[in-house]
Amino acid sequence: MNAAFGPGGRLRGTYVPPADKSISHRAALLSAMTAGPVRVTNYLEAQDTRSTLAAVQALGARVREHQDALEVHGAGLRGAARPGRPIDVGNAGTLMRLLPGWLAGQGAGAWTIDGDASIRTRPVDRVARPLGEMGARIDAREGRFAPFTVTGSDLHGIEYALPVASAQIKSCVLLAGLLADGPTTVVESEPSRDHTERMLLRAGVTVRREAGRVSVHPGNELRLDALHVPGDPSSAAFLIAAAVLVPGSRVRVEGMGANWTRVGFLRILQRMGGAVAGPLEPARAPLSAEEPVAELEVSAGALRATEVAPAEVPLAIDELPLVALLGCFAEGTTVVRGAQELRVKESDRIATVVDGLRGLGARIEATHDGFAVDGTGALRGGRIETHGDHRLAMLGAVAGLASREGVEVVGMEAAAVSYPGFEDDLGALLG
C-alpha cells in the first residue's frame, strides 16, 4: 500500500502515544512466567505484540482479553508447555531473542522458534553464546539464523560481558538466570533499556545494578498481579519530530514513558535546539520497579547539527533514523557513530535510511557504523521504499510533511507492525 504525505498543514493538539512495544512484549512474557493471573492494562495492539500473545499461549499460558485489559494466567517459571510445533514469532525480534532465555532453563525438552522472512535474516548467535555457557543448546540455521531449536537444561549462573550494548541479549541472559543454580551477572559497557530489570524487581526478584553490572538471583516463582504499559517514546518520537520540523506546530504529549534508558532521542533533539519541554527521568537514575511517565510540550523551531557518540546509541537506537531526518534541516553536519547495530534490524537501517533520504534530496553519506548528514535546511521530497520496515514507513511520512514537494511512501502498511494507528493519530493532529 502506498501513501502520500505532503506539506501545507501544521500539527496542533494533544497527543497520547500508543502503548510501549518493548514493555508490552515483556509484560506478556513475564506474566506467562508467573503461576497466577496478571492483569495487564494498556497492552499494545499491534502485529508484533500479537505474536507474543500467541507464543505464550502456545507455551501454556491462558490469555483473556477484556475491553480495558488483558488477563494472563501464566504457566509458571518452570512450567512452559511443549507445543509440538514451531513457535511463530512473526516479525518480533524482541520476542525471538528474549523467549530462549525462559525456555533454556526448562530442563529436558526442545522448542523450535521461527518467524517471517525478515526474522530469518536476523542473527541469534548473540543469545546462543551466553545460553550455551549456561548449559543450554541452540541449534540454528547456518549457525545463527531462524528457524532454531532451544534445548533446555539445568543451567549454571554465569558472569557475561555483552559484546555490544543490547537490552535484548541482556534480558535473555537475565531471564535464564532466574532458572540457574546461582547468581547471574551481565556486564554492560554502556547502559541499555532496563524494562526487564524493572519488571523483575516488581515481580519480587533480587536485582542489583551497579557500575555497569546487572545481577539476578534465582527464585521459585515470580509474583505479579498487575502491570500497566505507558505510552511508547519510540512511537511518539515520530510525531514529536514532525511537530519540531513543521512550521507553526505545537503539540502536547501525554502519558509517555520517560524511563531514562528510552529518552536518549529526546535528549539529542534538545541538544539540537528542539523545543521539547517537560520532565524526563534523570540519566542513570537508581533502579526502580516503576516506569515513570511524562507530559511534554513540543513546538517547531530551528535546529543545529550535533554528533551522536557511540555511548548514546543504545538509548536511542530505534530513533536514529529520525536523527538523520532532523539533520537534513539542521545547520551544520550531523554525525552518528557506533550504530552498526542498525544493520541487523528489520532492514539494514543504515543503508535504507541513507538511500531513502538521499532519494528525497538529502545530502547524506553512510559510514560503516552510522552516517553523516549535511544540513541544507530543507528536503525536496519524492518517493521512499519502506523495505517492510515499520520505522522507515513512519520516517517517510514525517519527511513528507516537512518537505517542499511531498513524499510517496511505498509500503506504508509496514507501520502496523508497531503502530497501527499512526496515520490516524497524525491526521488528528493535522486536522
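Biologist: In helix α3, which residues are buried?

Modeller: Buried means under 20% relative accessible area, exposed over 50%, and partly exposed in between, with a 1.4 Å probe and protein chains only. Helices (H or I, at least four residues) and strands (E, at least two) are DSSP runs, numbered from the N terminus. In α3 the buried residues are G93, T94, L95, M96, R97, L98, L99, P100, G101, W102 and L103. That makes 11 of the 11 residues of α3 (residues 93–103), so the helix is largely enclosed by the rest of the structure.

Biologist: Before we go on, what sort of model is this?

Modeller: It is a predicted model, where local features need pLDDT of at least 70 and side-chain atom pairs count only at pLDDT 80 or more, while totals for chains, interfaces and linings use all residues. Residues are numbered from 1 along each chain as its sequence is written, and side-chain values use heavy atoms, with hydrogens and water left out.

Biologist: Back to burial, then. With which residues is T196 in contact, leaving aside its neighbours within four places in sequence?

Modeller: Contact means heavy atoms within 4.5 Å. With those sequence neighbours set aside, T196 touches R26, L98, S171 and L175. T196 sits in helix α6 (residues 195–202), and its relative accessible area is 2%, so T196 counts as buried.

Biologist: And how do I read a nonpolar core? Which members of the largest one touch the most other members?

Modeller: A core here is a set of buried Ala, Val, Leu, Ile, Met, Phe, Trp, Tyr and Cys residues joined through side-chain atoms within 4.5 Å. The largest nonpolar core has 76 residues, and I240, F265, L296, L320, L325 and L357 touch the most other members. Helix α7 (residues 233–245) is the top contributor to this core, with 10 residues. Beyond its neighbours within four places in sequence, I240 is in contact with V253, M256, L266, L269, V276, L296 and V298. There is also a second, separate core of 72 residues, which includes L174, M199, V216 and L227.

Biologist: How do α7 and α8 lie with respect to each other, parallel or antiparallel?

Modeller: Axes are lines fitted to C-alpha atoms, for helices over the stretch in contact, and angles run from 0 to 180 degrees between N-to-C directions. Angles under 35 degrees count as roughly parallel, over 145 as roughly antiparallel, 65 to 115 as roughly perpendicular and the rest as oblique. The axes of α7 and α8 (residues 264–271) cross at roughly 10° and come within 11 Å. The two helices are therefore roughly parallel. At their contact, A237, I240, A241 and V244 of α7 meet F265, L266 and L269 of α8. Sorted by class, this contact has seven nonpolar, no polar and no charged residues (Ala, Val, Leu, Ile, Met, Phe, Trp, Tyr, Cys and Pro count as nonpolar, Asp, Glu, Lys and Arg as charged, and the others, Gly among them, as polar).

Biologist: Now the sheets. What is the order of the strands in the open sheet that holds β2?

Modeller: Strands of a sheet pair through backbone hydrogen bonds, either parallel or antiparallel. Two strands count as paired if DSSP finds at least two bridges between them. This open sheet of four strands runs β2-β15-β17-β16, with mixed pairing. At its edges stand β2 (12–15) and β16, each with a single partner strand, so one side of each has no neighbour in the sheet. On average, neighbouring strands here are turned by 15° against each other, direction ignored. Strand β15 (residues 250–257) and β17 pair in the antiparallel sense over six bridges, and R252 stands opposite E297 in β17. Helix α12 (residues 422–430) packs on this sheet, touching β2 and β15, and its direction makes about 140° with that of β2.

Biologist: And which strands lie at the edge in the sheet with order β18-β19-β21-β20?

Modeller: Those are β18 (307–308) and β20 (363–367), each pairing on one side only. This is an open sheet of four strands with mixed pairing. β20 and β21 (residues 370–374) run antiparallel and are joined by five bridges; in β21, G370 is the bridge partner of T367. Helix α9 (residues 320–329) packs on the sheet and touches β18, β19 (333–336), β20 and β21, with its direction at about 20° to that of β21. Helix α10 (residues 349–359) also packs there, touching β20 and β21, at about 165° to the direction of β20.

Biologist: Last one, backbone geometry. Which residues does a cis peptide bond join?

Modeller: A146 and P147, with omega about 0°. P147 lies in strand β9 (residues 145–151). For phi, look at R284, a residue other than glycine with a positive value near 60°. R284 is in the loop between β16 (275–277) and β17 (293–299), and its 59% relative accessibility makes it exposed.
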